[in-house]
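Student: I am new to this structure and would like a close look at one part of it, namely the way its helices pack against one another. Could you take me through that slowly, and then place it within the rest of the chain?

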Amino acid sequence: MNEPRDYEEEPAPITNMFRASSNFLGAVPTTTTAVAAAGTATPATNQDTSQLLEQENLLESTSKENVVDIGEERMAVRFSNNMLCKEILVGPTEKEGSHGSRRSKSPTKNNGYYKSYKDPPARERPKDDIWPERDALSFTRSLVFYGTGAVTVEHEEACRFIMEARAMRKKYQGGDGTLMHFIKNDYDNDNNNNNTSSSMTLHYKMVGGVAEIYGEDNMKKNLIQVPNIDEFVQDYKRMEVITNSGAMRSFCYQRLQMLDSAFQMHVTANGTVENEAQSNLLGTDFYRTMKIDNHIHLAAAASANQFVNFVAEKLKKERDTVVMENGQTLQEVFTAAGLSADHLTIDAFNVLADYSVYQRFDNFNSKYSPFRLAQIRKIFLKVENVMEGRYFAELTKTVFARLEQSKGHKSAAEMRLSIYGMESHEWYNLAKWVLRHWEGGDKPGPVLSTHNRWIVQVPRLWRIFCSKGKSQGSARSFEQMLQNLFCPIFEATLYPDKHPEVAELLTHIVGFDSVDDEGAAEAPCSCARPSEWRTEQNPAYSWQLYYLWANIEVLNRLRLSKGLNTFSLRPHAGETGDPHHLAATYMLADSINHGVNLDKQVSLQYLYYLDQIGLSMSPLSNNFLFRKIKSNPFPKLFKRGLNVTLSTDDPLLFHMSNDALLEEYSVARASFDLSMTDISEIARNSVLQSGFEDELKREWLGENYKKGITFCDEIKTHVPLIRAKFRAEHLALEHMLVHLIGAGKGNEVLKDMMYHFGKARDAHRNILLTNLPCCTPFPEQNQL
């Protein structure tokens, strides 16, 4: 960290002489806007609320000079060089008299009541309750008072709903509803409560669409039990009732509006402070901090320019290479289509999205095929073809090379590979393609990169799977599709010696995605078993997502017991279609892609905020497909404090430059009027949402990033501490507010607040009148 300037040599900019007010308002249901105080983690943790509770303990032990009474904290105020500066002066108090009146000691630098400006920043409340002077941040806490009766019965009902919904998420995504039976053994005698025996032979079988794990000594006892489909459907319907409740919608709308106001006041009061703090973070800037493209599909990862140049090079150097099953060469394919070298332009390729794809997912999918020729897509953008995906591998490595060379800025990606569930050998074919030592191209070797982690996307293509079965004379069930998806990876986890390629591939995968058109017609969510689903109608989005989650949950528990890596569930959701798809992902997903429909459901939006569920949003993609950029909710969600970041989705279709991620940030900054602090915060969120290894996250965020966002290193993230503290305190306050009101203590707190607010108001008035004795009287002066 840079050495801060000495406080005595140069006073800080105008800062908060009412910092104490941000502490004593901590537990109050009040409209607030703040910047300073506790740290928090992403997603929210109990630590957030505990830090706020620690602030309450300070109220009984703080003192002041000049007896400026603001709540219960003490403060000395002075003027220097015509600038208002302040020193937080805290320490033990002495009680006098039978009524406990207080007399403060006179703080000095020598008696321990004064903290030097050179002290390191406090990322949470210091154990000695003495804030470093350099941590005296500018205020934005507004003393907006709730009058008597401001907390209503509806508010209490809404807060209880919120607590119920959050408990439901913990049941599924948090794992509270998963039951594991552990077996004590010699391998892990001391930790049998955390690990299933790795020396014991385990087996699996698919039952009702979900994998069950058995020990060889008891093939009737399922060792890993997750909530079944009946339980999920019941909970999902309950979630719909909660989020549609009038009381819930009104309360969540109110809180979100207050978060809006909080951010606006913060940037108005502290914009220059943030800019100065960011400019003092020497040796780093936005371009040198890590940004991760959390949502990018491999088939469209190359830019249109890169793709055209790649095809032109292959047509020039490998024109006689056989590329089709019928023996056609690359040149013959182009000749048969009436194409020549002159057609190798971006416009002729016709891959860039235009007005024709808006609200048309079918037209969008056709853009993946250059010249509208499916065989060109199969040759260059598919794994399974005559060349076994060689061209696709070489093109992918071209994209990797740009990431690894950090051209323009420092970035990485989490690209999507497809597993369709049509055939059981798809996993083996994919593993063979990724791990093969490819000889061609500029960079021989497997399709792996230090700057990429793979995510497997599962397209919701039940209709195609079902129709293929009928064309072959067999009636397929959804359970067969699930078996094709999950049996190969359960076998590779249990018997890696028999399936080494798939077992190795799994070590390079960090998550699963669910993709396709959310606006397609679907059946209602029901308790139907996968073996019974044989109709061509699409199953409900939430129903399909449950079976993905259930199998991934079992797989993760199994892999944890063997010391293997695990997978997150990060589906596409809220891009279009029913907004209540976002209720299913709230219950089941680690984070989501898109989420623009959250602006249609305020209850879910507030829940996503409280749990800091990651949203990887793609405004340029939305602009062409479903939501024009002027109405994109990204800036609204960001200002309110949701865990949002930017991603590219499909650079081949949506971006003009070779650096699609930087283009996404540039367009968002200009379109949404974002500051450099804003886009640095958005970039930091991308790392937090990612599945990159913990050691890399520590390198990019700071050693203690897991403790909360205030512990992220400002030098590494380029996010000033003042912004992190603003976000952390507000999240903690919202959690505290929900629990206070939900517990029925809202009005009790308001009654206490009436007293403390009066004292704070009088203290503020006294400061003003004491320091401005020559103020010309004005009519409303007695209203202060």
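Tutor: Please keep in mind from the start that this is a predicted model. The chain has 784 residues, of which 57% count as buried, and its secondary structure comes to 27 helices and 17 strands. Among the contacts in the chain with a separation of 6 or more, 72% are between residues 24 or more positions apart, and the helix pairs below give a view of such packing.

Let us begin with helix α5, residues 246–279, and helix α26, residues 721–742, which pack with their axes 11 Å apart and at an angle of about 155°. Because angles over 145 degrees count as roughly antiparallel, α5 is roughly antiparallel to α26. The crossing that these two helices, α5 and α26, make is right-handed. On the α5 side, the residues that make the contact are F251, R255, L259, A262, F263, H266, V267, N270, V273 and E274. Facing them from α26 are I722, R723, F726, R727, H730, E734, L737, V738 and I741. Sorted by class, the residues in the contact of α5 with α26 are eleven nonpolar, three polar and five charged.

A second pair can be set beside this one. The axes of helix α4, residues 229–244, and helix α17, residues 581–588, come within 10 Å and cross at roughly 120°. That angle falls in none of the ranges for roughly parallel, roughly antiparallel or roughly perpendicular, and α4 and α17 are therefore oblique to each other. Here too the handedness can be stated, since α4 passes α17 in a right-handed crossing. From α4 the residues taking part are F232, D235, Y236 and M239, and they meet A583, A584, Y586, M587 and L588 in α17. By class, the contact of α4 with α17 is made up of eight nonpolar residues, no polar ones and one charged.

With the nonpolar residues of both contacts in mind, it helps to turn to the chain's nonpolar cores. In soluble globular proteins, nonpolar side chains tend to be buried together. The largest nonpolar core in this model holds 173 residues, and the members that touch the most others are F380, M415, W427, W433, Y546, Y606 and Y608. Helix α16 gives the most to this core, with twelve residues. To see what surrounds one of these members, take F380, which is in contact with F307, F310, V311, K314, L330, Y391 and F392 once its neighbours within four places in sequence are left aside. Apart from this core lies another, of 13 residues, which include A412, V687, W700 and C712.

Single residues in helices show the packing in finer detail. Q605 lies in helix α18, residues 602–610, and has a relative accessible area of 1%, so Q605 is buried. Not counting residues up to four places away in sequence, Q605 touches L256, L598, D599, L637, R640 and L642. L662 sits in helix α22, residues 660–672, and at 18% relative accessibility L662 also counts as buried, because the cut-off for that word is under 20%. Beyond its neighbours within four places in sequence, L662 is in contact with F286, Y287 and H409. The last of these, H409, is 253 residues from L662 along the chain, yet the C-alpha atoms of L662 and H409 are separated by 7.8 Å.

The loops deserve a place in the picture as well. V151 is found in the loop between β4 (101–103) and α3 (153–172), where, at 5% relative accessibility, V151 counts as buried. V151 and L750 are 599 residues apart in sequence but 8.4 Å apart in space, C-alpha to C-alpha. Two other loop residues have a positive phi although neither is a glycine: E388 at about 60° and D516 at about 150°. E388 belongs to the loop between α10 (374–381) and α11 (390–404), and with 39% relative accessibility E388 counts as partly exposed. D516 is placed in the loop between β12 (509–515) and α16 (541–561), and at 18% relative accessibility D516 counts as buried.

Notes: Residues numbered from 1 in each chain as written. Predicted model: local features only at pLDDT ≥ 70, side-chain atom pairs only at ≥ 80, totals over all residues. Heavy atoms only, no water. Helix = DSSP H or I, 4+ residues; strand = E, 2+ residues; numbered from the N terminus. Buried < 20%, exposed > 50% of the residue type's maximum accessible area, 1.4 Å probe, protein only. Axes fitted to C-alpha atoms, helices over the stretch in contact; angles between N-to-C directions. Parallel < 35°, antiparallel > 145°, perpendicular 65-115°, else oblique. Left-handed = near helix turned anticlockwise from the far one by under 90°. Contact = heavy atoms within 4.5 Å. Nonpolar A, V, L, I, M, F, W, Y, C, P; charged D, E, K, R; others polar. Core = buried A, V, L, I, M, F, W, Y, C linked by side-chain atoms within 4.5 Å.
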